[in-house]
Amino acid sequence: MAVKIQVLVEDTGSEQLSLGTEHGLSLFVSTPEARFIFDCGATGLAWENARRINAPIREAAFVVISHSHYDHAGGFPQLFQWAAPKKLYVGAGFWEEKYAAGPAGGSFTYLGAGFGEGELQKFGIAAETVGDVKEVAPGAWLLGNFPRTHGFETIPRRFVRGEGRAPDDFSDEICLALAEGDGLAVVVGCSHPGILNMVQTVRQRLKKPVYSVIGGTHLKEAAEARLDLTLRELKEAGLKRLALCHCSGGAVRDRLKGEAAGCLLGTGDELLLA
C-alpha cells in the first residue's frame with residue numbers, strides 16, 4: 001500500500017465541485033501502518049468534505065497541528081463530532097495566543113486556535129509536545145525546532161504572540177516527514193520558519209534526501225528574488241515534486257504550472273507516495 005494524502009480542505013477547489021473551500025488546510029494521511037490527520041482547517045468544513053470524498057477520518061489514531069493559527073487549528077473542536085483520536089501532537093509554545101498587529105497603533109486581530117489546553121480533557125484527547133524528532137508511526141516522523149540558517153526567510157512583522165504581543169518566531173511550528181522510496185516527503189502547514197530551513201533540518205536530522213514538499217510554504221508575500229532563490233535551492237537539493245497549496249501564493253502556483261515537478265493541490269485532491 002502506498003502512502004495516500006487526501007486534501008480535506010484548502011483555499012482552492014478541484015474537479016469535485018460539491019466540496020467547500022476555505023482559507024485553511026487539513027490533510028488525511030494513510031500509511032501502511034497508520035491513519036491520521038495533519039491540520040484541521042479553520043471551521044470544521046474539512047470533516048464535512050471528508051464524508052463526501054470517503055476519507056475514513058473515524059479511523060484517525062492521532063492529530064497533528066502544524067501551528068496554532070486558526071486556519072490550521074480552528075476546526076479541531078468540531079472533529080470530535082466525527083472521530084475520537086486519542087493523541088494530539090503540537091510544537092512547543094502552541095498554547096500561546098496568536099495575533100496580527102493592525103496598521104493602526106495598538107490594534108490587533110486574534111489569529112489563535114480558539115481553544116485552550118484546558119479543554120482537551122472534555123475531548124478525551126491528550127497532547128504531546130514535539131521536540132527535534134518524534135517518530136509517530138513506522139515511516140512517519142514529526143520535527144520541530146528549526147534553526148534559521150537562511151537569513152532571507154523572514155517572518156512578516158505583523159505576526160505577534162502572547163500577552164506582550166512579542167514578535168512571533170513560530171517556534172511552535174512542526175512538520176511531518178514521510179518515507180518516500182529511499183528518501184522523504186516533507187508535509188508542511190505554513191512553513192513560517194522558512195521552507196528551506198525546514199527542508200534542510202529534515203534532511204540533516206533524518207539523514208535522507210527530500211524528494212517532495214507538500215502543503216503551504218507562505219511564499220504569497222515573498223518578493224520575486226526570494227521566490228527565485230527558494231525554488232532554485234529546492235531543485236538543487238534534489239527535490240522532485242512540489243505539491244503546493246494554501247498559503248504558497250499565486251506567483252508560486254503560476255511558476256509551477258509548466259514544470260514537471262509542479263503539482264498544485266486543491267480541496268478533494270489525492271496524492272500518492274511510492
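Buried here means under 20% relative accessible area. Keep that cut-off in hand for this tour of a predicted model.

**Stop 1: two positive phi values in loops**

Select Ser 191. It sits in the loop between strand 14 (183-188) and helix 4. Its relative accessible area is 2%, so Ser 191 is buried. Now check the backbone: phi of Ser 191 is near 60°, a positive value in a residue other than glycine. Most residues other than glycine have a negative phi.

Move to His 246. Look for this residue in the loop between strand 16 (241-244) and helix 6 (250-256). Here too phi is positive in a non-glycine residue, near 55° for His 246. Is His 246 buried or exposed? His 246 counts as buried because its relative accessibility is 8%.

**Stop 2: helix 4**

From Ser 191, go on to helix 4, residues 195-206, and pick out Gln 200 within it. Gln 200 has 18% relative accessibility and therefore counts as buried. Show its contacts, leaving aside neighbours within four places in sequence. Which residues does Gln 200 touch? They are Thr 149 and His 150.

**Stop 3: helix 1**

Select residues 45-52. This is helix 1, and Ala 46 belongs to it. Ala 46 is buried, because its relative accessibility is 0%. Set aside the neighbours within four places in sequence, and Ala 46 is in contact with Leu 8, Val 9, Ser 26 and Cys 40. Then draw a distance from Ala 46 to Phe 28. These two residues are 18 apart along the chain, and their C-alpha atoms are separated by 9.7 Å.

**Stop 4: a four-stranded sheet**

Next, display strands 6, 7, 11 and 12. They form an open sheet of 4 strands in the order 7-6-11-12, with antiparallel pairing. Which strands are at the edges? Strand 7 and strand 12 (166-167) are, since each pairs on one side only.

Walk across the sheet from strand 7. Strand 7 (residues 108-110) is joined to strand 6 by 3 bridges, and the two run antiparallel. Find Phe 108 in strand 7; Ala 101 stands opposite. Now follow the hairpin of strand 6 and strand 7. There are 6 residues between the strands, and Gly 106 takes a positive phi near 85° in this hairpin.

Cross to the other side of strand 6. Strand 6 (residues 98-101) pairs with strand 11 (residues 159-161) in the antiparallel sense, over 3 bridges. Select Lys 98 to see one pairing: its bridge partner in strand 11 is Arg 161.

One more step reaches strand 12. The link from strand 11 to strand 12 is antiparallel and has 2 bridges. Highlight Val 160 and Pro 167, the latter in strand 12; they are bridge partners. While the side chains are on view, recall that in a regular strand they alternate between the two faces of the sheet.

**Stop 5: the largest pocket**

Finish with a surface view. The largest pocket has a volume of about 170 Å³. What lies closest to its centre? Of the 14 lining residues, the closest are His 23, Leu 111, Arg 158, Phe 159 and Lys 220. Phe 159 takes you back to strand 11 (residues 159-161). Colour the lining by class: 6 residues are nonpolar, 5 are polar and 3 are charged.

Notes:
Residues numbered from 1 in each chain as written. Predicted model: local features only at pLDDT ≥ 70, side-chain atom pairs only at ≥ 80, totals over all residues. Heavy atoms only, no water. 1 Å grid on protein atoms, 1.4 Å probe; cavity = no way out; pocket = protein on both sides within 12 Å on 5 of 7 lines; lining within 4 Å. Points joined across faces, edges and corners; volume = space filled by probe spheres on them. Nonpolar A, V, L, I, M, F, W, Y, C, P; charged D, E, K, R; others polar. Buried < 20%, exposed > 50% of the residue type's maximum accessible area, 1.4 Å probe, protein only. Contact = heavy atoms within 4.5 Å. Pairing = 2+ DSSP bridges.
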